[in-house]
Amino acid sequence: MSSRRARLRDEAERVLRANWREGRRRDGVPYAFTCPATPRYRHQWYWDSCFHAIAWRHFDPARARAELRTLLRAGGLDGFVPHTAFWDRPARWRRAPFYGTRSVFGSTATATIQTPLLALAWELVAAASPDDPGFAREALPSLRRHYDWLHRERDPDGDGLLTIIHPDESGLDDSPKYDDVFGWMRHDSPGYWWLIERHRRLDYDARRVTDRYEEHLEDVLVNVCYALALRALARLEGAGAGERWLARAERTEAALLERCYDERTGLFLDLAGSRERRVAVSTWSALAPLALSALPTDVRVRLVEQQLLDRRRYGAPCGIPSVSREEPEFNPRFALWRCWRGPSWVNTSWLLVPPMRELGYEREADRIVASLEQAADRHGFREYYNPLTGRGLAARGFGFATLLVDLIFEPEVDASARTPMIQS
Ligand code: GLC
């Protein structure tokens, strides 16, 4: 192991340990999770927790398991699992009105969702947990309820694609692809408060929201991760019982290809509003279907050749930019309250680098990982990095940047753990 890699490994573990929180909520419910970064992100976020658990499995699989169990516990018996859970402290008064909760004060979690990766994280953690052989199956009833909830509540038109009603439900809060869709109610504008208020009045019921309003979309990244998670759930169930989930994953993948794939540009575009208008803004979400190995190879290769490797678009000195360098909105620097508008985040590479390797782009994949290693070694694990200079930006000691460890090392216990993600 190079000394840089050894330093990064130690630092990743230090960050995860420093951000670990455990205790009991005021009503006695126990929790254990990693907060993304203090002081800004003190709570538990759905996809952050999935990423944290995937990183934790390299150091302390018991903590990885505890984090995922806590996430499930944040949800309801109906299978809903929230975007954010407030365990050890409520949202602070200045931030509280901007969380998608049922009431401004006193809610223990939001009523919104986040990119539903849980079953995939569960599978990866289970593969690193030979000391807890029951872990893989213990959550099956809850995971079934969760993915059935999403299928029932978040696919109002029944086309196999989940709908989001808040921009941050994808995890890509201020992405320029949402600018026109949410307009004056965008995540980074004061009007966002009204979007929340409106959804509170409709009880966050996606069917009622999509019947009445145009500000909603079928988001490519959300649906790629949904399909990956459904395939993971199918594998956790095993042959027979798994068929149901596999069929759902295939349906989502087919819908992505049939409805979101833009032949002209080779990108996968979100479908906005009731008329399902394609949102023609190139962000890394449009490349996410690369992670679906069931999609045609020529479509995936095109994403690599014409997008990821093209220096006018996503080819960059550090990581993979969150927005194409060609887009007028591309901004590689820090912008207050505006994230996902250009900088490189580690989870993007975590999703896209393994399929690049699978398709034979080893050298290019190595270069991307090495650029992030260099940036993290110089600037620490940061929320994101300037894709042109590698400079670390925004939060320090950021939890899911430690996913870099998962890109570099195989978990010590079970070297096959990553493989299922990109196989049918
Ligand atoms: C920011 C990110 C989102 C993440 C959250 C907590 O809002 O945009 O993806 O889940 O912070 O880290």
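**Exercise 1.** Is Phe 268 buried or exposed?

*Solution.* Start with the scale: buried means under 20% relative accessible area, exposed over 50%, and partly exposed in between (1.4 Å probe, protein chains only). Phe 268 has 1% relative accessibility, so Phe 268 counts as buried.

*Before you go on.* This is a predicted model, where local features need pLDDT of at least 70, side-chain atom pairs count only at pLDDT 80 or more, and totals for chains, interfaces and linings use all residues. Residues are numbered from 1 along each chain as its sequence is written, and side-chain values use heavy atoms, with hydrogens and water left out.

**Exercise 2.** Classify the ring pair of Trp 47 and Phe 51, then place both residues.

*Solution.*
- Step 1, the rule. Rings of Phe, Tyr and Trp (its six-membered ring) pair if their centres lie within 6.5 Å; planes under 30 degrees apart count as stacked, over 60 as edge-to-face and the rest as tilted.
- Step 2, the total. The structure holds 23 aromatic pairs.
- Step 3, the geometry. The ring centres of Trp 47 and Phe 51 are 5.2 Å apart and the planes stand at 50 degrees, so this pair is tilted.
- Step 4, the place. Both residues lie in helix α2 (residues 46–56), four residues apart, about one turn of the helix. Helices here are DSSP runs (H or I, at least four residues), as are strands (E, at least two), numbered from the N terminus.
- Step 5, the burial. Trp 47 is buried because its relative accessibility is 2%. Phe 51 is buried too, at 2%.

**Exercise 3.** How are the rings of Tyr 261 and Phe 268 arranged?

*Solution.* Their pair is tilted, with 4.9 Å from centre to centre and 40 degrees between the planes. Now check the cover. Tyr 261 has 9% relative accessibility, so Tyr 261 counts as buried.

**Exercise 4.** Which residues do ring pairs link into a cluster with Trp 47 and Phe 51?

*Solution.* Find these on the model: Tyr 41, Trp 45, Trp 284, Trp 340, Trp 345, Trp 350, Tyr 384, Phe 398 and Phe 400.

**Exercise 5.** What polar contacts does the side chain of Asp 406 make?

*Solution.*
- Step 1, the place. Asp 406 is in helix α15 (residues 404–408).
- Step 2, the burial. Its relative accessibility is 2%, so Asp 406 counts as buried.
- Step 3, the rule. A polar contact is a pair of N or O atoms within 3.5 Å; within protein, one must be able to donate a hydrogen and the other to accept it, and residues adjacent in sequence count only if both atoms are side-chain atoms.
- Step 4, the partners. The Asp 406 side chain contacts the side chain of His 58 at 2.5 Å. It also contacts the side chain of Trp 350 at 2.8 Å, and Trp 350 belongs to the ring cluster of Exercise 4.

**Exercise 6.** Which ring does the charged end of Arg 198 sit over?

*Solution.* Use this test: NZ of Lys or CZ of Arg must be within 6 Å of the ring centre and within 35 degrees of the ring normal. Arg 198 sits over the ring of Tyr 213, 3.4 Å from its centre. Arg 9 lies over the face of Phe 409, at 5.2 Å from the ring centre.

**Exercise 7.** How far apart are Tyr 46 and Pro 116 in sequence and in space?

*Solution.* Locate Tyr 46 in helix α2. At 1% relative accessibility, Tyr 46 is buried. Tyr 46 and Pro 116 are 70 residues apart in sequence and 7.7 Å apart in space, C-alpha to C-alpha.
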